[in-house]
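Let's take a walk through a protein fold, starting with one ring and working outwards. Have the structure open as you read.

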Amino acid sequence: MTEKPFLYVVVCAAGVAADVSKLITAAQERDWEVGVIATPTAMNGFFDAAAVETQTGRPIRSAWRRPDDPRPFPAPDAVVVAPATFNTVNKWAAGIADTLAVGTLCEAAGLGVPIAVLPRVADALAAHPAYQDSVARLRGMGVRFADPYAGEGEAGGTQREFGWERVLDLLRSR
């Protein structure tokens, strides 16, 4: 019996994070085992943590473990960041590993683990030079990005779907 590949899902604090279970379901349907790492702010009610833990069968990680604590997840075969925020992308590109989520991204990139990003960034922030530089730097490291999702409504007042599966498609196209 072959073990399933392990996917880290890094969740940042954006309103669409409330639907992260859609990403987890899509990953599980593609035969990934999933562990969730959330930014500390995302843990403050941006998604249903208890439901996600039930869905994955694992605790959500959001804080550093003590050196003598066991590792709750195996090493990742791939990492997705969804939704990825302006703040997380910029800190990651600058190597500011001040949270477990960003530290994990820095480490995974350094180890050459495949990483895909589905940004949730307002158009004005996506146009900011720091963000543009950060995306370019991360792409230069091999990180794959989907187009930013600003969340603005389309003509007729409907809002475009976040498209959680797109980040998994980026991994497949590697």
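## Starting with a ring

Let's begin at Phe73. This is a predicted model, and in it Phe73 has a relative accessibility of 5%. The cut-off for buried is under 20%, so Phe73 counts as buried.

Phe73 has a ring partner, Phe6, which is buried too, with a relative accessible area of 2%. Their ring centres are 5.6 Å apart and the planes sit at 40°, so this pair is called tilted. The two come from distant parts of the chain: Phe6 belongs to strand β1, while Phe73 is in the loop between α2 and β3, 67 residues apart. Tyr8 joins in as well, as ring pairs link Phe6, Tyr8 and Phe73 into a cluster.

## Another pair of rings

How many aromatic pairs turn up in a search of the whole structure? There are 5. One of them is Phe86 with Tyr131, and this pair is stacked, with 5.9 Å from centre to centre and 20° between the planes. Phe86 sits in helix α3 and Tyr131 in helix α6, 45 residues apart along the chain.

Is each partner buried or partly exposed? Phe86 has 22% relative accessibility, so it counts as partly exposed. Tyr131, at 2%, counts as buried.

## The sheet

Now for the strands. Five of them make an open sheet in the order β2-β1-β3-β4-β5, with parallel pairing. At the edges are β2 and β5, each of which pairs on one side only. As a general reminder, strands of a sheet pair through backbone hydrogen bonds.

You can follow the pairing strand by strand. β1 (residues 6-11) and β3 are joined in parallel by 4 bridges, and Val10 has Val81 in β3 as its bridge partner. Another 4 bridges join β3 (residues 78-84) to β4, where Val80 stands opposite Ala116. Then 2 bridges connect β4 to β5 (residues 144-145), with Val117 opposite Phe145.

## A strand in the middle of things

Have a closer look at β4, residues 115-119. Which way do its residues point? Ile115, Val117 and Pro119 point one way, and Ala116 and Leu118 point the other way. Since 5 of the 5 residues are buried, the strand is largely enclosed by the rest of the structure.

## Helices around the sheet

Helix α4 (residues 100-111) lies across β1, β2, β3 and β4, and runs at about 125° to β2. Helix α7 (residues 165-172) also packs on the sheet: it touches β1, β3, β4 and β5, and its direction makes about 155° with that of β4.

Helix α2 (residues 49-56) has something to see at each end. Asp48 caps its N-terminal end, with a side-chain oxygen 3.3 Å from the backbone nitrogen of Ala50. Just after the helix, Gly57 takes a positive phi of about 75°.

## The cores

In soluble globular proteins, nonpolar side chains tend to be buried together. Here, the largest nonpolar core has 31 residues, and Leu7, Val9 and Val80 have the most contacts inside it. Two or more residues each come from β1, α1, β2, β3, β4 and α7, and α1 gives the largest share, 5 residues.

Leu7 shows what such a spot looks like: among the residues it touches are Ala27, Trp32, Val34, Val80, Leu168 and Leu171. Apart from this core lies another, of 28 residues, including Ile37, Val143, Phe145 and our ring from earlier, Phe6.

Methods: Residues numbered from 1 in each chain as written. Predicted model: local features only at pLDDT ≥ 70, side-chain atom pairs only at ≥ 80, totals over all residues. Heavy atoms only, no water. Buried < 20%, exposed > 50% of the residue type's maximum accessible area, 1.4 Å probe, protein only. Pairing = 2+ DSSP bridges. Polar contact = N/O pair within 3.5 Å; in protein donor to acceptor, adjacent residues only side chain to side chain. Contact = heavy atoms within 4.5 Å. Axes fitted to C-alpha atoms, helices over the stretch in contact; angles between N-to-C directions. Core = buried A, V, L, I, M, F, W, Y, C linked by side-chain atoms within 4.5 Å. Phe/Tyr/Trp six-rings, centres within 6.5 Å; stacked < 30°, edge-to-face > 60°. Lists of a residue's contacts leave out its neighbours within four places in sequence.
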